[in-house]
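Subject: Structure handover

Hello,

Here is the structure you are taking over. Please look through it before reading my notes.

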Amino acid sequence: MDNQDLFAEAQKLIPGGVNSPVRAFRSVGGAPRFIREAQGATITDAEGKVYIDYVGSWGPMILGHSHPQVVAAIREAAGRGTSYGAPTELEIAMARRITEAFPSVEMVRTVSSGTEATMTAIRLARGFTGRDKIIKFTGCYHGHADSLLVKAGSGVATLGIPGSPGIPRQLAELTLSLPYNDSETVREALRQHGADIACIIVEPVAGNMGVVAPRPGFLEELRELTREYGALLIFDEVITGFRVAYGGWQNLAGIAPDLTCLGKIIGGGLPVGALGGRRDVMEQLAPTGPVYQAGTLSGNPVAMAAGIATLDILKGNSYQALGQRAEALCNGYRDLFSQKGIPVRINRVGSLFTLFCTAGEVTDFASASGSDTQFYARFFQGMLAAGVYLAPSQFEAAFLSFAHGDVELARTLEACERVLKTL
Ligand SMILES: *Cc1c(COP(=O)(O)O)cnc(C)c1O
């Protein structure tokens, strides 16, 4: 069956034909590609068409697809049983790697998704502080737990309105969503609600409105303000963890949050998430503390084996080299767009980047929203036809992997040159 037929079949059985909305091609049009196989920097669809992949499963595949050592670790672990519902040495090995890589993390709880990690982190912050309200930033995604799916209306301390039907108003009202990179509005919100704020949760480098780096001082101010008001600071490093460094953005910035959320890369392509941080906070989790959290498949041995294999390879890899490769690619893109006189703004942090179809600077959700999404859709379709699989949305990051070599980068830029000629 071709992609169209599979999409028609899938839509009969699965809402929208996809098990996660970001996979649908709603904003770019057409049928999603049904993937049959992936190796290194490429994915192959049901029709046998091969694409250079810049989605990388939305972050986890930093080593490229089907890395032989990761696949071997998965096979070996599966041969010893796939789940026990009892602790294993592998979970200690994972926790040790995370605590060694993140200076702020003294203890770790492993879960099965990033959503579970952030959901548990805010429950823990609420339990620890005895407060109910939380602050997040508009355009930051922290998984789909009720309290975190809230977007703000305009205005500084606007109370949250539900970002999705099904989220009780009473709960949404406890989430304040403020503009990213603007610590003045945070200061103002804390002045007003400080005694009720349990935590501030932030993507230290935003990746879910497209890539937006923190302004110098922004995260430092959040650290100071949370200390001043007795709230916890949570870094959601589900994307940035082991992506921007062996460790997270906090290592590069020299900031110690109280709690850190991880996912994606630490699962090596299997379903994993984790939260970690200060011992006194983490010990509030059951069974040492009263804040409940549990999971049948938490710390799953096959997932742990995949994650550990991935981290051990990453430890010997050069993030600097990966960042330089991404820089070269971004420079190539920028040159091609400017030769054609097409406005573009490329935000890059290490191997993460977004090509915003706009002339202006992109520093928050409002400025990201100014991008020409229709132009992006046409660019996306051209690149797809030319064998380059970009994110099917303007507001996502591109993820470069260690498997993307000179050949893939050159082919990508050749494709871009051809596509821009047709637009
Ligand atoms: C992907 C993501 C999540 C959610 O992780 P899932 O494993 O998809 O539940 C949370 N936070 C950030 C920053 C993410 O990018």
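The notes below cover the ligand site, the cavities and one sheet.

This is a predicted model, in which local features need pLDDT of at least 70 and side-chain atom pairs count only at pLDDT 80 or more, while totals for chains, interfaces and linings use all residues. Residues are numbered from 1 along each chain as its sequence is written, and side-chain values use heavy atoms, with hydrogens and water left out.

Ligand site

Residues are taken as near the ligand if one of their heavy atoms lies within 4 Å of it. They are Ser113, Gly114, Thr115, Tyr141, His142, Gly143, Glu203, Asn208, Asp236, Val238, Ile239 and Lys264. By class, this shell has three nonpolar, six polar and three charged residues (Ala, Val, Leu, Ile, Met, Phe, Trp, Tyr, Cys and Pro count as nonpolar, Asp, Glu, Lys and Arg as charged, and the others, Gly among them, as polar).

For polar contacts with the ligand I used pairs of N or O atoms within 3.5 Å. A ligand oxygen lies 2.7 Å from an N or O atom in the side chain of Thr115, and the corresponding value for the side chain of Asn208 is 3.1 Å. At Gly114 the partner is a polar backbone atom, 2.8 Å from a ligand oxygen. Of the 380 Å² of accessible area that the ligand has on its own, the protein covers 84% (Shrake-Rupley method, 1.4 Å probe).

Cavities

The whole structure has two cavities of 30 Å³ or more. A cavity is a set of points, on a 1 Å grid over the protein atoms alone, where a 1.4 Å probe fits but cannot get out; lining residues have an atom within 4 Å of a point. Volume is the space filled by probe spheres set on the points, which are joined across faces, edges and corners.

The largest cavity is about 140 Å³. Its lining has 14 residues, of which Phe353, Leu355, Tyr376, Leu390 and Ala398 are the closest to the centre. Strand 12 (352–356) and helix 13 (373–385) each give two or more residues to this lining (DSSP runs numbered from the N terminus: helices H or I, at least four residues; strands E, at least two). The lining comprises 10 nonpolar, three polar and one charged residues.

The second largest cavity is about 50 Å³. Its lining includes Gly40, Asp53, Met61 and His404.

Sheet

Strands 1, 2, 3 and 13 form an open, mixed sheet in the order 1-2-3-13 (pairing requires at least two DSSP bridges). Strand 2 (residues 42–45) pairs antiparallel with strand 3 (residues 50–53) over three bridges, and Ile43 has Tyr51 as its bridge partner.

Regards

Note on methods
A polar contact is a pair of N or O atoms within 3.5 Å; within protein, one must be able to donate a hydrogen and the other to accept it, and residues adjacent in sequence count only if both atoms are side-chain atoms. On a 1 Å grid over the protein atoms alone, a cavity is a set of points where a 1.4 Å probe fits but cannot get out, and a pocket is an open set with protein on both sides within 12 Å along at least five of seven lines; lining residues have an atom within 4 Å of a point.
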